[in-house]
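Colleague: Got a minute to walk me through this one? I'd like to hear about the ligand site and the sheets.

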Amino acid sequence: MPENVLEAVGLHRTYGSVRAVDDVSFALPEGGSLGIVGESGSGKTTTARIVVGLEQADAGEILVRGQARAARQRGRARRLARAREVQMVFQDPYLSLDPRTSVDQVLRETLRLHFPGTDHDRRVRELLDQVGLGTRAADARPRQLSGGQRQRVAIARALAVEPAVLVLDEAVAALDVSVQAQILNLLADIREETRIGYLFITHDLGVVRCVTDDVIVMRRGRVVEAGPTAEVLAAPRHPYTRLLLESVPRPGWDPEAIAAARRAL
Ligand SMILES: Nc1ncnc2c1ncn2[C@@H]1O[C@H](COP(=O)(O)OP(=O)(O)OP(=O)(O)O)[C@@H](O)[C@H]1O
Ligand SMILES: [Mg+2]
């Protein structure tokens with residue numbers, strides 16, 4: 001059995017009367033890829049934010065390589081150490097990239113922060129290469145890049161930190177289908193090379209099928225089904241999962257069909 005690089009145990013988070021995350025547990029094996037699927041508002045992003053430490057859980061625990069993460073980690077060194085464990089890639093990298101900062105500068109800033117006092121020329125080239133961006137992209141500003149290229153920059157910046165886990169929240173949702181496929185392939189290659197574990201959040205079961213080994217299905221903050229992706233998709237046990245699958249117009253799924261089917265559930 002491979003060691004779990006990430007474990008969530010009994011996570012809870014409420015906002016007023018909304019139970020956004022209601023007793024969520026899962027395990028991500030070293031080098032594995034775990035999908036979280038579920039309709040809008042089911043608690044996927046809240047779970048992700050708890051995992052990366054952007055959000056505080058009301059109860060529950062996050063373990064990285066078997067070690068509990070302190071609930072409140074103060075101080076710069078601690079924050080940096082935590083960032084090196086788990087990195088997040090968001091849906092729209094445009095929002096997280098400074099428009100004035102070139103790709104080269106973005107990567108250098110991250111490297112300087114985490115690995116001060118060393119020369120980063122080679123590492124910058126390596127990272128650009130790893131995400132399939134030529135050295136020509138190095139001088140570009142975010143505005144000059146396509147959505148796919150920007151997402152490659154966001155991935156390179158996350159990799160620069162040498163994390164154990166990447167949390168990808170709808171990381172390809174904003175991209176055209178053909179570009180989605182390129183980024184998904186890239187992510188699969190990177191996982192093979194680096195053995196970084198992925199927590200892959202998506203509403204798209206086609207994406208889940210492509211890039212995850214295991215999947216959990218969330219509904220209203222709860223995990224209603226969990227298992228190997230191939231098994232869950234081939235023979236879903238929970239009616240909600242069946243419903244999600246039935247309402248998938250390939251590729252992706254149609255939220256209106258789901259809403260209609262849900263009312264009938
Ligand atoms: N900061 C917040 N304050 C109040 N309510 C919140 C907050 N964040 C999330 N919620 C609520 O918690 C629930 C879960 O939201 P969450 O964003 O985790 O869902 P999601 O599965 O990521 O949805 P989507 O697929 O639309 O991204 C929703 O009902 C949402 O309105
Ligand atoms: Mg979300």
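Modeller: Sure. One term before we start: when I say a helix lies across strands, contact means heavy atoms within 4.5 Å. Also, keep in mind that this is a predicted model.

Colleague: Okay, use it then. Where does helix 10 lie?

Modeller: Helix 10, residues 239-246, lies across strand 9 (214-219) and strand 10, and runs at about 100° to strand 9.

Colleague: And which strands does helix 2 lie across?

Modeller: Helix 2 (residues 76-85) lies across strand 6 and strand 7, the latter being 165-169. Its angle to strand 6 is about 65°.

Colleague: What's the strand order in the sheet of six strands?

Modeller: The order is 6-7-8-3-9-10, in an open sheet with mixed pairing. Strand 6 (86-89) and strand 10 (222-228) are the edge strands, each pairing on one side only. From one strand to the next, the twist averages 15°.

Colleague: How many bridges join strand 3 to strand 8?

Modeller: Four, and the two strands run parallel. Strand 3 covers residues 33-37 and strand 8 covers residues 197-201. If you want a pair to look at, Ser-33 has Tyr-198 in strand 8 as its bridge partner.

Colleague: What about the sheet with four strands, which order does that one have?

Modeller: That open sheet goes 2-1-4-5, with antiparallel pairing. Strand 2 and strand 5 (67-68) are at the edges with a single partner strand each, so one side of each has no neighbour in the sheet.

Colleague: How many bridges are there between strand 1 and strand 2?

Modeller: Nine bridges join strand 1 (residues 4-15) to strand 2, and they run antiparallel. Leu-6 stands opposite Leu-28 of strand 2 there. Helix 1 packs on this sheet and touches strand 1, strand 2 and strand 4 (59-64), with its direction at about 60° to that of strand 2.

Colleague: Now the ligand. Which residues are around ligand 1?

Modeller: There's a run from Glu-39 through Ser-40, Gly-41, Ser-42, Gly-43, Lys-44 and Thr-45 to Thr-46, plus Tyr-15, Val-18 and Ala-20. By class, the shell has three nonpolar, six polar and two charged residues.

Colleague: What polar atoms do the oxygens of ligand 1 see at Lys-44 and Thr-45?

Modeller: At Lys-44, an N or O atom in the side chain is 2.7 Å from an oxygen atom of ligand 1. Thr-45 also has a side-chain N or O atom by a ligand oxygen, at 2.8 Å. With Ser-42, a polar backbone atom is 3.2 Å from an oxygen atom of ligand 1.

Colleague: How much of ligand 1 does the protein cover?

Modeller: The protein covers 57% of the 630 Å² of accessible area that ligand 1 has on its own.

Colleague: Which elements give two or more residues to its shell?

Modeller: Strand 2 (18-29) and helix 1 (44-52). Helix 1 gives the most, with three residues.

Colleague: Changing topic to the backbone. What's the phi of Glu-162?

Modeller: It's positive, about 60°, although Glu-162 is not a glycine. The residue lies in the loop between helix 6 (147-160) and strand 7.

Colleague: Why flag that?

Modeller: Because most residues other than glycine have a negative phi.

Colleague: And where is Glu-170?

Modeller: Glu-170 is in the loop between strand 7 and helix 7 (177-194). Phi of Glu-170 is positive too, near 50°.

How values were computed
Residues are numbered from 1 along each chain as its sequence is written. Chains are lettered from A and ligands numbered from 1 in the order in which they are written. This is a predicted model: local features need pLDDT of at least 70, side-chain atom pairs count only at pLDDT 80 or more; totals for chains, interfaces and linings use all residues. Side-chain values use heavy atoms; hydrogens and water are left out. A residue is near a molecule or strand if one of its heavy atoms lies within 4 Å of it. A polar contact is a pair of N or O atoms within 3.5 Å; within protein, one must be able to donate a hydrogen and the other to accept it, and residues adjacent in sequence count only if both atoms are side-chain atoms. Accessible areas come from the Shrake-Rupley method with a 1.4 Å probe; for residues, only the protein chains shown count as cover. Ala, Val, Leu, Ile, Met, Phe, Trp, Tyr, Cys and Pro count as nonpolar, Asp, Glu, Lys and Arg as charged, and the others, Gly among them, as polar. Two strands pair if DSSP finds at least two bridges between them. Axes are lines fitted to C-alpha atoms, for helices over the stretch in contact, and angles run from 0 to 180 degrees between N-to-C directions.
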